[in-house]
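Subject: Structure handover

Hello,

Here is the structure I promised you. My notes on what turned up follow below it.

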Amino acid sequence: MNTDQFQKNTMYIETPEAFGEATKNFDDDGRTKRTGTWVTASAHIITAVIGSGVLSLAWAIAQMGWVAGPAVLFAFSFITYFTSTLLADCYRSPDPVHGKRNYTYSDVVKATLGGKKFQLCGLAQYINLVGVTIGYTITASISMVAVKRSNCFHKHGHEAKCHISNNPSMIIFACIQIVLSQIPNFHKLSWLSIVAAVMSFAYSSIGLALSIAKVAGGGGQTARTTLTGVQVGVDVTGTEKVWRMFQAIGDIAFAYAYSNVLIEIQDTLKSSPPENKVMKRASLIGIMTTTIFYVLCGCIGYAAFGNDAPGNFLTGFGFYEPFWLIDFANVCIAIHLIGAYQVFCQPIFGFVEKWSKEKWSNSQFVNAEHSVNLPLCGTYSVNLFRVVWRTLYVIFTALIAMMFPFFNDFLGLIGSLSFWPLTVYFPIEMYIKQSNMQRFSFTWTWLKILSWVCLIVSIISAAGSIQGLAQDLKKYQPFKPQQ
């Protein structure tokens, strides 16, 4: 058995010490047998895709109206599912069932396309992953603070000035992530993803139920809704209308993006039935579930609030009562983002740890595993480099989040720069290369058209994000607690 194979897997840090064990305990690549199923993969996908942004979809629909809003939602759900099926076939190469495994998104691009495209992919992927983890730190802290603010509004009235700093909540979130980040790899994360997926259903359902109650109670009758969304001259200026539509399209497009962790999720699946078939099933279930929630929360939220829909109706206080239910929903958001943070940071951890093992192959600090007995948890393998590096990374994301509390707008820009290459361009190019598709054939032509259309959308949404960021920079007051 070639020991080099063990070093190539960026997502699996632990290696079996007893090579004489029965081969039934190992997969065809020498790794400990994978046990993932379509259930665990679907949970990973739902955890990665459904973030607290689902609650801002009412705002996005409000910018585009009843026609364009749902149409954009369905369009991007189809594009994401379609390209994810192409990517699932690239996990093994050159044959999607019996070929050599590729453990990360970057490995897939390197094996199929190679060269400069591999470098471009790595740059786009890791910038996106770092941005997402920083953004999740901010978003989780906003939800944690929203619990205190909700109680404050309930006690002192809805007009009270309940300004609370996000920084203590960010520190608490970071402390939790430091502990969870010691989970070695994706294979150990299934339980966390399932808990996070349940939380996403919980707060999405609460937001949906509150919107339905508002509409049924007559609150929706006073909400102004239109076929084209916010009205020029009434709600916004003509220029604001254009920028907001760009931002809304970008928000919806990137709300579906999970391609940058798809391969890592697929690498958790057992080899029978074939991983690509199981991953396609998991993608279908995950994206269908996501789309149903997105459409319901977006459309019913728009019906409830109309063109005045807040950016997030649980943390932006579209609802004040019942305050205990709002509190519970925001706690669910925080718990979900705790799990989602791990889903997005594990590829970063794996990449750095693989590189370090190759760079300092003789270092005990980097390579040595130490067994530690933990009460109620049994024996746990600890690597000192892993502990130090992962702790420093979490601290870094927390510090950046504290320095730039409007970083979620940066996230829109980072997402717009990574959506096209990671979700559309590379999956399409790899599918064309792997299937030896003839240039200018019908399928080749429409795949290229799809890629170019998505590039234009990315550029448009990037422009909207830059404009939004510029506005936030003008309003930013560094010593005022962020709401």
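N436 is exposed, with a relative accessible area of 68%. Please keep in mind that this is a predicted model. N436 sits in the loop between helix 14 (407-434) and helix 15 (442-475). Its phi is positive, near 50°, and N436 is not a glycine. F440 lies in the loop between helix 14 and helix 15 too. F440 also has a positive phi, about 70°, again without being a glycine. F440 counts as exposed because its relative accessibility is 62%, and the cut-off for exposed is over 50%.

Another positive phi belongs to G306, at about 65°. G306 comes just after helix 10. Helix 10 covers residues 275-305. It has 31 residues and spans 43 Å from first C-alpha to last. That is close to the 45 Å expected at 1.5 Å a residue.

Two cis peptide bonds to look at:
- S93 to P94 is cis, with omega near 0°. P94 lies in the loop between strand 1 (92-93) and strand 2 (100-101).
- S272 to P273 is cis, with omega about 0°. P273 is in the loop between helix 9 and helix 10.

Is helix 9 enclosed or open? Helix 9 runs over residues 259-266, and 8 of its 8 residues are buried, so the rest of the structure largely encloses it. The buried residues include polar and charged names such as S259, N260, E264 and Q266, along with V261, L262, I263 and I265.

Now the nonpolar core. The largest one holds 108 residues. F76, I252 and Y294 touch the most other members. Helix 3 (residues 57-88) gives the largest share, 15 residues. Leaving out residues up to four places away in sequence, Y294 touches V49, I50, V54, L57, L73, A255, Y256 and C299. Another core lies apart from this one. It has 5 residues, among them I134, I138, M170 and A401.

Some nonpolar side chains are at the surface. F365, L384, V387, V388, L392, I395, L399, M403 and F404 make a nonpolar patch of about 760 Å². Helix 13 (residues 384-403) supplies the largest share, 7 residues. M403 is in helix 13.

Last, the charges. How many salt bridges does a search of the whole structure find? It finds 12. Here are some of them:
- D28 and R101 form a salt bridge, with the closest N and O atoms 2.9 Å apart. This pair links distant parts of the chain, 73 residues apart. D28 is in the loop between helix 1 (4-8) and helix 2 (38-49), and R101 is in strand 2. D28 is exposed at 54% relative accessibility, whereas R101 is buried at 3%.
- R224 and D235 meet in a salt bridge at 2.3 Å, N to O. Both are in the loop between helix 7 (190-216) and helix 8 (238-255), 11 residues apart. R224 is partly exposed at 33% relative accessibility, and D235 is partly exposed at 24%.
- D27 and K33 form a salt bridge, with the closest N and O atoms 3.6 Å apart. D27 is buried at 8% relative accessibility, while K33 is partly exposed at 42%.

Best wishes

Technical notes: Residues are numbered from 1 along each chain as its sequence is written. This is a predicted model: local features need pLDDT of at least 70, side-chain atom pairs count only at pLDDT 80 or more; totals for chains, interfaces and linings use all residues. Side-chain values use heavy atoms; hydrogens and water are left out. Buried means under 20% relative accessible area, exposed over 50%, partly exposed in between (1.4 Å probe, protein chains only). Helices (H or I, at least four residues) and strands (E, at least two) are DSSP runs, numbered from the N terminus. Patches are made of residues with over 30% relative accessible area and no salt bridge: like charges are joined within 9 Å, nonpolar side chains (Val, Leu, Ile, Met, Phe, Trp, Tyr) within 5 Å. Accessible areas come from the Shrake-Rupley method with a 1.4 Å probe; for residues, only the protein chains shown count as cover. A salt bridge is a side-chain nitrogen of Lys or Arg within 4 Å of a carboxyl oxygen of Asp or Glu. The expected span of a helix is 1.5 Å times one less than its number of residues. A nonpolar core is a set of buried Ala, Val, Leu, Ile, Met, Phe, Trp, Tyr and Cys residues joined through side-chain atoms within 4.5 Å. Contact means heavy atoms within 4.5 Å.
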